[in-house]
Amino acid sequence: MGALEVREGFIELYGAEPEGVWAAPGRVNLIGEHTDYNDGFVMPFALPHVTTAAVARRDDGVLRLHSADMPGGPVELRLDELAPESDRDWTAYPAGVVWALREAGHEITGADVHLTSTVPTGAGLSSSAALEVVVALALNDLYALGLKGWRLARLCQRAENVYVGAPTGIMDQTASACCEAGHALFLDTRDLSQRQIPFDLAAEGLCLLVVDTRVEHAHSGGEYGRRRAGCEKGAALLGVDALRDIPHDGLDAALAELAGEEEVARLVRHVVSENARAERVVSLLESGDIRAIGPILTEGHASLRDDFRVSCPELDLVVDTALASGALGARMTGGGFGGSAIVLTDSADVPTLTQAMEEAFTKAAHTPLRVFEAVPAAGARRLA
Ligand code: GLA
């Protein structure tokens, strides 16, 4: 749905013109998984799928939220009553952003918001970050807050961690706020320094498929939090601030120090090796060798499956089938426990690969897959 339809939807709903229309994308992560809450490296890029918001300010301390994709009329909330973990449905994300902005001292006096989204939900493609970032960007513009993308991302993460109660890292919000078309974003999550890495698949005759297994994942559920706590325990046992501080050539020594802590050791091995993989991928991309990243993506999947243990049979089936049918590399992307995988392949092989994956899912009696080609798109922006 374009800016025009969202604007019209706003007028129909609230009986007045919005002051503007904004969009923020979902993302896939190329490499660097479960590293962001360990101060490590990630490399997401934005999808063409976006959440779009038409917004106008109010001055009476009221926030009205409506989504064209959800049943029912606008939800009306009082700004002075917003409180962490008070709200358990989708409105917690935009309400949490308003709460985080006000808590950081920004004077927000109210807003009417009308939203719609093309980002698949529950697919590990950051529909929540898109929803947070689009609202943050709209309020940043309308209230002339002058906050940079990375700062908006931090506030959105705080909304998600504290207000919604999901202990996620900073990758998804930064990807949605800061990505650029045609590029992957190499992000150091310790200081949020960024490098835009040109990622032109078509020029190399390549294609990156996103394969949504349709197995719904959830973050506030315990497994994500348990992995995070295990990583923090590992850092504490090793006497470092974060696992990022263990260099790859110090991994064996670190594992020896963790003798008797087998579960923590597996988490540490994943995070330390994944940071090294992210650095290898960035240097290959910078030297123009996209094909060569394939095996590193596949290695990353094995590490997430065997050491970090966040894959699931459906994700493994996508990866195994894609590789057996000639893909250059494949891995799960995002938090795991369902959601999506990415497959790097020669463009010419897309039809064969897609068919093979679909057949494998039919044979295993899984819900049919959703497959689309991902071209790195723009980050959050004002549309009108
Ligand atoms: C989810 C979280 C991110 C990140 C990934 C795993 O997408 O929101 O912060 O931790 O999982 O890399």
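In strand β11, the residue that serves as bridge partner of G329 is L344, and this pairing is a convenient place to enter the structure, which is a predicted model. The bridge between G329 and L344 belongs to a set of five that join β10 to β11, two strands that run antiparallel. Between these two strands lies a hairpin with six residues, in which G334 takes a positive phi near 85°.

What stands opposite L344 on the strand β9? There the residue is L208, which stands opposite L344 in β11, while L206 stands opposite D346 in β11. Strand β9, made of residues 206–212, is joined by seven bridges to strand β11, made of residues 340–346, and the two run antiparallel. Strand β11 therefore has bridges to β10 on the one hand and to β9 on the other, as the strand order β10-β11-β9-β12 of this open, four-stranded sheet with antiparallel pairing also shows. At the edges of the sheet stand β10, residues 329–333, and β12, residues 370–373; each has a single partner strand, so one side of each is left without a neighbour in the sheet. From one strand to the next, the twist of the sheet averages 25°.

The surroundings of this sheet can be followed next. Strand β11 is mostly covered, since six of its seven residues are buried. Helix α9, which spans residues 294–306, lies across β10 and β11 and runs at about 45° to β10. Another helix, α11, spans residues 350–363 and holds T354. Is T354 buried or exposed? With a relative accessible area of 15%, T354 is buried, because a residue counts as buried when that value is under 20%. Leaving aside residues up to four places away in sequence, T354 touches L209 and V371; L209 falls within the residues 206–212 of β9, and V371 falls within the residues 370–373 of β12.

A further open sheet has six strands in the order β5-β4-β6-β3-β1-β13, and its pairing is mixed. Here the edges are taken by β5, residues 75–78, and β13, residues 381–382, each with a single partner strand, so that one side of each is left without a neighbour in the sheet. Four bridges join β5 to strand β4, which consists of residues 62–67, and these two strands run antiparallel. One pair that can be located in the structure is R64 with its bridge partner E76 in β5. Helix α1, residues 3–14, lies across β1, β3, β4 and β6, and runs at about 130° to β6.

The loop between α1 and β1 is the place of P18, and at 12% relative accessibility this residue counts as buried. Not counting residues up to four places away in sequence, P18 touches R7, F10, I11, A54, V55 and A56. Of these, R7, F10 and I11 fall within the residues 3–14 of α1, while A54, V55 and A56 fall within the residues 44–57 of β3. As for distance across the model, P18 and D307 are 289 residues apart in sequence and 49 Å apart in space, taken from C-alpha to C-alpha.

The empty spaces of the model come last. The largest pocket contains about 810 Å³ of space, and among the 39 residues that line it, Y93, T121, G122, S127 and S128 are the closest to its centre. The elements that give two or more residues to this lining are α2, β6, α3, α4 and α5, and α3 gives the most, with four residues. By class, the lining of the largest pocket has 14 nonpolar, 17 polar and eight charged residues.

One of these contributors, α5, covers residues 171–178. Eight of the eight residues of α5 are buried, so this helix is largely enclosed by the rest of the structure; M171 and D172 are among the buried residues. These two residues return at the largest cavity, where D36, M171, D172, Y224 and G335 lie nearest the centre, out of 13 lining residues. The volume of this cavity is about 110 Å³, and its lining divides into three nonpolar, six polar and four charged residues.

Key: Residues are numbered from 1 along each chain as its sequence is written. This is a predicted model: local features need pLDDT of at least 70, side-chain atom pairs count only at pLDDT 80 or more; totals for chains, interfaces and linings use all residues. Side-chain values use heavy atoms; hydrogens and water are left out. Two strands pair if DSSP finds at least two bridges between them. Axes are lines fitted to C-alpha atoms, for helices over the stretch in contact, and angles run from 0 to 180 degrees between N-to-C directions. Contact means heavy atoms within 4.5 Å. Buried means under 20% relative accessible area, exposed over 50%, partly exposed in between (1.4 Å probe, protein chains only). On a 1 Å grid over the protein atoms alone, a cavity is a set of points where a 1.4 Å probe fits but cannot get out, and a pocket is an open set with protein on both sides within 12 Å along at least five of seven lines; lining residues have an atom within 4 Å of a point. Grid points are joined across faces, edges and corners, and a volume is the space filled by probe spheres set on the points. Ala, Val, Leu, Ile, Met, Phe, Trp, Tyr, Cys and Pro count as nonpolar, Asp, Glu, Lys and Arg as charged, and the others, Gly among them, as polar.
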